[in-house]
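Hi,

Here is the structure I said I would pass on. Have a look at it first, and then read on for what turned up.

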Amino acid sequence: MMGRVIKDYFAAFRWGNFKEKVAHFLYLVVYFATILPAVSGFFDKWEYALVYFLMMIPTIHILNSGALHIMKMPKMMYVVPLTKDMKREYIVKSAIFRICFCSLLGMICTLPLVLLGICRVITYVVMVYDYVTFALLLCGMNERYGIEERDAWQEARSDCRGLIQGIDMIITVISLFGIACMLSWDGGMVNVYANLLFIIPAILFQLPLTIKHMTYWNTAVEKALSYERSFDK
Amino acid sequence: MLLQLKDISKSLGKFRIKDISVELPEGYIMGLIGPNGSGKTSLIHIILGLYKANAGELLIDGMSYEDSEVEIRNLIGTVLLDELFDHSATLKENGINYGAYYKNFSLETLEMYMKRFGLDGDRKFKKLSKGEKLKFQFAFALSYEAKLLILDEPTANFDPSFRKEFFAVLKEYIADGTKSVILSTHLTEDLDKIADYILYIENGGTIFSADIEKLRDSYRLLTGEKYKINLLPKEQVIHVEESNYGTRALVNHRARYSYDKELTVAVPTLEELMYFITKRDKGDKRR
């Protein structure tokens with residue numbers, strides 16, 4: 001089952017899928033990859049640019065993964081002879097693999113910053129925490145987020161899931177961008193007070209929101225188990 | 001009995017499948033007919049276990065999805081209008097990937113049918129036309145010794161020469177008397193030749209459910225002068241239609257009924273039956 005999960009994960013990264021599921025927020029990627037770093041001074045020094053792009057790579061990957069790996073099975077998997085438990089195993093393992101892979105990519109991209117010693121340990125911890133939070137938020141969605149008739153927010157608004165995901169995601173993105181800004185502007189020597197600016201909201205808001213979001217996990221898995229609820233509403 | 005539906009009901013928003021009951025023994029082809037939006041695909045989704053019925057009993061080869069989902073799915077071959085397979089994989093890869101879940105899957109059988117249907121196993125699924133995608137689903141459904149083939153309107157997408165091949169394969173498939181087919185379509189001309197049993201649904205409810213011979217014995221299409229048609233007993237007439245060539249009426253028929261000699265009496269085709277019943281007076285819905 002794990003082989004199938006891994007194969008399906010990477011098979012989703014194909015051009016046709018990008019065009020269909022990611023293209024509508026491509027302008028955001030372009031904005032974050034070019035305009036924002038240019039106007040924010042991230043291109044002034046190579047160290048700044050390195051910090052910025054090492055943080056953008058996992059962020060964009062997690063965003064893509066959120067659009068490409070929504071929590072439902074390929075249609076044929078609902079037809080083939082699998083018990084409910086086997087289907088559940090596929091769905092849960094797919095989600096866990098997504099979280100692990102996205103988090104691992106975040107850690108790998110953080111490693112050069114650690115090796116270069118350009119920020120404090122606590123900053124790395126907050127960065128990795130942000131990646132994990134982001135991955136947790138996006139991999140628990142039954143519907144693709146973005147501009148769509150039945151998008152994730154509409155789908156989940158009855159149980160506030162969409163609202164929680166939305167607020168938590170905004171905080172996560174602000175946190176990541178803020179850390180990148182600080183690292184660049186301060187040349188990596190971020191002071192303790194500036195770090196607290198991101199640690200306190202992470203503990204006070206992000207953590208409880210993420211925990212609350214995870215309480216919807218079973219709802220999301222149950223929904224993904226049903227063809228009717230996943231495809232024909 | 002390979003398929004038993006008893007009082008199956010299902011709400012799908014404002015639409016509702018209403019108390020559908022039908023039994024299909026081994027060795028039969030059942031035509032599932034009805035106008036667009038009548039509930040054919042929804043009923044097929046219920047039979048496939050993709051939709052859960054709100055009420056009623058569904059047994060396949062005496063088993064229910066609740067108790068024996070894997071066994072049932074091993075017995076069912078499916079052709080749906082939905083594109084089920086992985087778009088980026090080749091036909092052969094799709095066959096191997098999904099065939100692995102079936103107890104009796106045979107790659108040789110799949111390749112044999114792909115060759116017979118003119119499909120290249122090395123082509124990617126996404127490169128196929130709609131008709132070819134359905135052909136591949138059909139080939140796959142035949143590759144693991146399924147006992148019940150459930151085919152949702154495939155024929156409309158097949159070219160005329162493949163339609164002949166398609167019906168020939170279906171006849172071969174049921175020839176040993178242990179397998180059955182449910183073929184949903186609104187193109188009824190082929191069903192006239194091949195179907196043993198017809199389930200006609202409209203607005204989610206059963207209009208008739210009977211073997212085709214009984215259907216042929218139950219209705220007559222009368223053509224003649226309008227005043228002659230008007231003399232027929234009202235309760236016998238299902239629908240009357242006037243045209244430049246005379247007046248036609250579909251009527252309920254019994255062996256003991258006799259008709260005016262000036263009326264032309266014919267056994268209606270399924271297409272004519274569907275046409276007249278769809279147009280019948282709304283007050284006389286169920287028969």
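H4(A) and H6(A) run roughly parallel to each other, because their angle falls under 35 degrees. To put values on that, helix H4 (residues 46–68) of chain A packs against H6(A) at about 10 degrees, and the two axes are 9 Å apart. Bear in mind while you browse that this is a predicted model.

If you want to find that contact on screen, look on the H4(A) side for Met55(A), Pro58(A), Ile62(A), Ser65(A) and Gly66(A), and on the H6(A) side for Met127(A), Tyr131(A), Phe134(A), Ala135(A) and Leu138(A). By class, that makes eight nonpolar residues and two polar ones, with no charged residues in the contact of H4(A) with H6(A).

H6(A) has another partner too. Helix H5 (residues 84–116) of chain A packs with helix H6 (residues 121–139) of chain A at an angle of about 155 degrees, again with axes 9 Å apart. An angle over 145 counts as roughly antiparallel, so that is how H5(A) and H6(A) lie to each other. Their crossing is right-handed. Among the residues that H5(A) brings to this contact are Ala95(A), Arg98(A), Ile99(A), Cys102(A) and Gly106(A), while H6(A) contributes, among others, Tyr124(A), Val128(A), Val132(A) and Cys139(A). The contact of H5(A) with H6(A) comprises 14 nonpolar, three polar and one charged residues. Met127(A), Tyr131(A) and Ala135(A) of H6(A) are worth clicking on: they take part in the contact with H5(A) and also in the one with H4(A).

Now for where the chains meet. The contact takes 15 residues from chain A and 19 residues from chain B. On the chain B side, helix H2 (residues 65–75) gives the most, with four residues. That side of chain B divides into nine nonpolar, six charged and four polar residues.

Last, two backbone oddities in chain B. Asp19(B) is not a glycine, yet it has a positive phi of about 45 degrees. You will find Asp19(B) in strand E2 (residues 15–24) of chain B. Asn203(B), also a residue other than glycine, has a positive phi near 50 degrees, and it sits in the loop between strand E8 (197–202) and strand E9 (205–211) of chain B.

Are these two buried or exposed? Asp19(B) has 15 C-beta neighbours inside 10 Å, so it counts as partly exposed. Asn203(B) has 15 such neighbours inside 10 Å and therefore counts as partly exposed as well.

Cheers

Technical notes: Residues are numbered from 1 along each chain as its sequence is written. Chains are lettered from A and ligands numbered from 1 in the order in which they are written. This is a predicted model: local features need pLDDT of at least 70, side-chain atom pairs count only at pLDDT 80 or more; totals for chains, interfaces and linings use all residues. Two residues are in contact if their C-beta atoms, placed from the backbone, lie within 7 Å. Helices (H or I, at least four residues) and strands (E, at least two) are DSSP runs, numbered from the N terminus. Ala, Val, Leu, Ile, Met, Phe, Trp, Tyr, Cys and Pro count as nonpolar, Asp, Glu, Lys and Arg as charged, and the others, Gly among them, as polar. Axes are lines fitted to C-alpha atoms, for helices over the stretch in contact, and angles run from 0 to 180 degrees between N-to-C directions. Angles under 35 degrees count as roughly parallel, over 145 as roughly antiparallel, 65 to 115 as roughly perpendicular and the rest as oblique. A crossing is left-handed if the near helix is turned anticlockwise from the far one by less than a right angle, and right-handed if clockwise. A residue is buried if 20 or more other C-beta atoms lie within 10 Å of its own, exposed if 12 or fewer, and partly exposed in between; C-beta atoms are placed from the backbone.
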